[in-house]
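Grab a pencil and have a look at the protein below. We'll work through a few short exercises together, one step at a time.

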Amino acid sequence: MQIRLSWPAGNITATLDADTPTAQALAKALPLTSSACTWGEEVYFDTGVSVSRETDARQVVDPGTVAFWTDGDALALPYGPTPISRGEECRLASPCNVLGSLDGDARALATVRDGDPIRVELIDE
């Protein structure tokens, strides 16, 4: 399953594992528009989707991971260290459900500013 994320300064696509309960719940809510928040080198935003933490949820992920932060009903998109990272790792606020990964250079997210409108939509296959 592919999604497109768009904000005033750019856009990027991501490939998600459509078999996870979280990805299925997110797909049903798309398209959605939210207000971006930044936390170190992470962009996150509310989705209005509420799901449970999955058994394989992780707190430390690779840059470009598409994660779902169950504590905040938010997509979390790290592209580098956050304020609680150790070294160069991407450490999320708490364990998150891993949905997939961004296609291309995750550092494109560095152009997202706090408060930017961000739109997420399914790409028709």
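**Exercise 1. Find out what the UniProt record lists for this chain, and describe that stretch.**

Start with the record: an unreviewed UniProt entry lists residues 1-121 as "domain: Cyclophilin TM1367-like". Keep in mind that what you're looking at is a predicted model. Next, check the make-up of that stretch: residues 1-121 are 46% strand and 7% helix. Finally, look at its two ends, where the C-alpha atoms are 11 Å apart.

**Exercise 2. List the elements of the chain in order, then decide how compact the chain is.**

First, count: there are 10 strands and one helix. Now walk along from the N terminus, and you'll read β-β-α-β-β-β-β-β-β-β-β. For compactness, compare two numbers. The chain has a radius of gyration of 13 Å, and the globule rule gives 14 Å for 125 residues. Those values are close, so the chain is as compact as a globular protein of that length. To round this off, the C-alpha trace spans about 40 × 35 × 25 Å along its principal axes, and 45% of the 125 residues are buried.

**Exercise 3. Work out how strand β2 is paired with other strands.**

Step one: take β1 (residues 2-7) and β2 (residues 10-16), which run antiparallel and are joined by six bridges. Between them sits a hairpin connection of two residues. Want a spot to look at? Trp7 stands opposite Gly10 in β2.

Step two: β2 also pairs with β9 (residues 90-102), again in the antiparallel sense, over three bridges. Here Leu16 has Gly100 in β9 as its bridge partner.

**Exercise 4. Classify the pair of rings formed by Tyr44 and Trp69.**

A pair of aromatic rings is described by the distance of the centres and the angle of the planes. So get both values: the ring centres of Tyr44 and Trp69 are 5.9 Å apart, with the planes at 85 degrees. The cut-offs are centres within 6.5 Å for a pair, and planes over 60 degrees apart for edge-to-face. That makes Tyr44 and Trp69 an edge-to-face pair.

Now place the two rings. Tyr44 belongs to strand β5 (residues 42-46) and Trp69 to strand β7 (residues 65-69), so the pair links parts of the chain 25 residues apart.

**Exercise 5. Are Tyr44 and Trp69 buried, partly exposed or exposed?**

Buried means under 20% relative accessible area, and exposed means over 50%. Tyr44 comes in at 25% and Trp69 at 24%. Tyr44 is therefore partly exposed, and Trp69 counts as partly exposed too.

Definitions and conventions. Residues numbered from 1 in each chain as written. Predicted model: local features only at pLDDT ≥ 70, side-chain atom pairs only at ≥ 80, totals over all residues. Heavy atoms only, no water. UniProt positions renumbered as here; feature names shortened; annotations may be inferred. Helix = DSSP H or I, 4+ residues; strand = E, 2+ residues; numbered from the N terminus. Phe/Tyr/Trp six-rings, centres within 6.5 Å; stacked < 30°, edge-to-face > 60°. Buried < 20%, exposed > 50% of the residue type's maximum accessible area, 1.4 Å probe, protein only. Rg over C-alpha atoms; globule rule 2.2 N^0.38 Å. Pairing = 2+ DSSP bridges.
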